[in-house]
Amino acid sequence: MKKVLIYIAIILAVLIIAGITTCTVISKDLPQGKDSPETEKMVSQMWEALNKSAWDSTRYVMWSFRGANHYKWDKESNLAEIKWDNNRVLLDPDNISGIAYENDKKVDEASAQNLIDNAWSKWCNDMFWLTAPFKVMDPGTELTLVEHEEGDRLKVTYMDGGVTPGDSYIWVFDNDGMPKAYEMYVEILPVKGVYVPWQDWVTLSTGAKLSSKHEIAGAALELENIKGGMDLNDINEDSDIWEEIR
């Protein structure tokens, strides 16, 4: 029995070392960017391709992330409803506050914060996958130009905010400024420089365009049931679901 445990320990150690080695080999170093007026031109071209003016005027948005987390968002007030499993949180993301429900029963304030924190963490991740092209000039971002043989690319570093400040993304565009993909240099991934396509664009009723499919290492990451508009009925609601936290 002792020998079996030793063999298992050796195998686990080998697998861990192999995994670390593999990540080290396929990871990329974060390219050094340089300041350039071209960065703002690239952003402007992308925003024109995605109809950012229409996005800015869109009042309500809904979507599901990988079929597990379900969102409705009042963009104007920046209030969200987040549902997963048997949980529902009405969230004020700016203040990480809100009201939580479990199995349709309101959770007392002392116990609600864990659900609210969980909802906020989901929100930071899943909302970014929906709206990242519109967030490249958020407060706290640093834009630089990365020269590449296939064409210059836009490097965006989030110096603060969110769950993991310091993450960088290098955007790849087509000739019309549409985002084709980005390379991810983020803290939570052991492999740096992962190439992630942005595909299957959906056009909201307002005219704004959002990507509904990404692929990471061959696995699809899908955003489903994307809808948006100026009225609550555009997100399948007929009354103000955020009334409790306004």
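These legends walk through several close-up views of a predicted model.

**Figure 1. The whole protein, to get your bearings.** The chain of this predicted model folds into 4 helices and 13 strands. Of its 246 residues, 45% are buried. Take the contacts between residues at least 6 apart in sequence: 48% of them join residues at least 24 apart. The accessible surface comes to about 13500 Å², and carbon and sulfur atoms account for 50% of that.

**Figure 2. F128 meets Y158, a helix-to-strand ring pair.** The protein has 18 aromatic pairs, and this view picks out one of them. The ring centres of F128 and Y158 are 5.6 Å apart and the planes make an angle of 80°, which is over the 60 degrees required, so we call the pair edge-to-face. F128 belongs to helix α4 (residues 109–131) and Y158 to strand β8 (residues 153–158), so the two rings tie together parts that are 30 residues apart in sequence. Is F128 buried or exposed? With a relative accessible area of 11%, F128 is buried. Y158 is buried as well, at 12%.

**Figure 3. Y182 and W198, a ring pair across two strands.** Here the centres sit 5.3 Å apart and the planes are at 65°, so Y182 and W198 also make an edge-to-face pair. Y182 comes from strand β10 (residues 179–185) and W198 from strand β11 (residues 194–203), so the pair ties together parts that are 16 residues apart in sequence. Both Y182 and W198 are buried. The backbone joins in too: β10 and β11 pair in the antiparallel sense over 4 bridges. Which residue of β11 is the bridge partner of Y182? That would be V196.

**Figure 4. Zooming out to the aromatic cluster.** The rings from the two previous views turn up again here, in a cluster linked by ring pairs. Its members are F128, W129, Y158, Y169, W171, Y182, W198 and W201.

**Figure 5. The hairpin of β11 and β12.** Strand β11 also pairs with strand β12 (residues 209–216), in the antiparallel sense and over 5 bridges. Look for W201, whose bridge partner in β12 is S211. The two strands form a hairpin with 5 residues between them. In the turn, G207 has a positive phi of about 105°.

**Figure 6. H214 and its surroundings.** H214 lies in strand β12. How much relative accessible area does H214 have? The value is 0%, so H214 counts as buried. Leaving aside residues up to four places away in sequence, H214 touches W129, V196, P197, W198, A219, A220, L221 and L223. One of these, W129, has its backbone oxygen 3.4 Å from a polar atom of the H214 side chain. W129 and W198 are also among the members of the aromatic cluster. For a sense of scale, the C-alpha atoms of H214 and Y195 are separated by 9.9 Å, and these residues are 19 apart along the chain.

**Figure 7. Two charges sitting over rings.** The charged end of K52 sits over the ring of W47, at 4.4 Å from the ring centre. R88 does likewise with Y101: its charged end sits over that ring, 5.3 Å from the centre.

**Figure 8. N78 in its loop.** N78 is found in the loop between β2 (69–74) and β3. Is this loop residue buried or exposed? Its relative accessibility is 17%, under the 20% cut-off, so N78 counts as buried. The side chains of N78 and W73 are joined by a polar contact of 3.1 Å. Setting aside residues up to four places away in sequence, N78 touches W73, L91, D92, P93, D94 and W123.

**Figure 9. D85 and N236, two non-glycine residues with positive phi.** D85 has a phi near 45°, a positive value in a residue other than glycine. Find D85 in the loop between β3 (79–84) and β4 (87–92), where it is exposed with a relative accessible area of 72%. N236 is not a glycine either, yet its phi is positive at about 65°. Look for N236 in the segment after β13 (219–229). N236 is partly exposed, with a relative accessible area of 47%.

Methods: Residues are numbered from 1 along each chain as its sequence is written. This is a predicted model: local features need pLDDT of at least 70, side-chain atom pairs count only at pLDDT 80 or more; totals for chains, interfaces and linings use all residues. Side-chain values use heavy atoms; hydrogens and water are left out. Rings of Phe, Tyr and Trp (its six-membered ring) pair if their centres lie within 6.5 Å; planes under 30 degrees apart count as stacked, over 60 as edge-to-face and the rest as tilted. Buried means under 20% relative accessible area, exposed over 50%, partly exposed in between (1.4 Å probe, protein chains only). A charge sits over a ring if NZ of Lys or CZ of Arg is within 6 Å of the ring centre and within 35 degrees of the ring normal. Two strands pair if DSSP finds at least two bridges between them. Contact means heavy atoms within 4.5 Å. A polar contact is a pair of N or O atoms within 3.5 Å; within protein, one must be able to donate a hydrogen and the other to accept it, and residues adjacent in sequence count only if both atoms are side-chain atoms. Accessible areas come from the Shrake-Rupley method with a 1.4 Å probe; for residues, only the protein chains shown count as cover.
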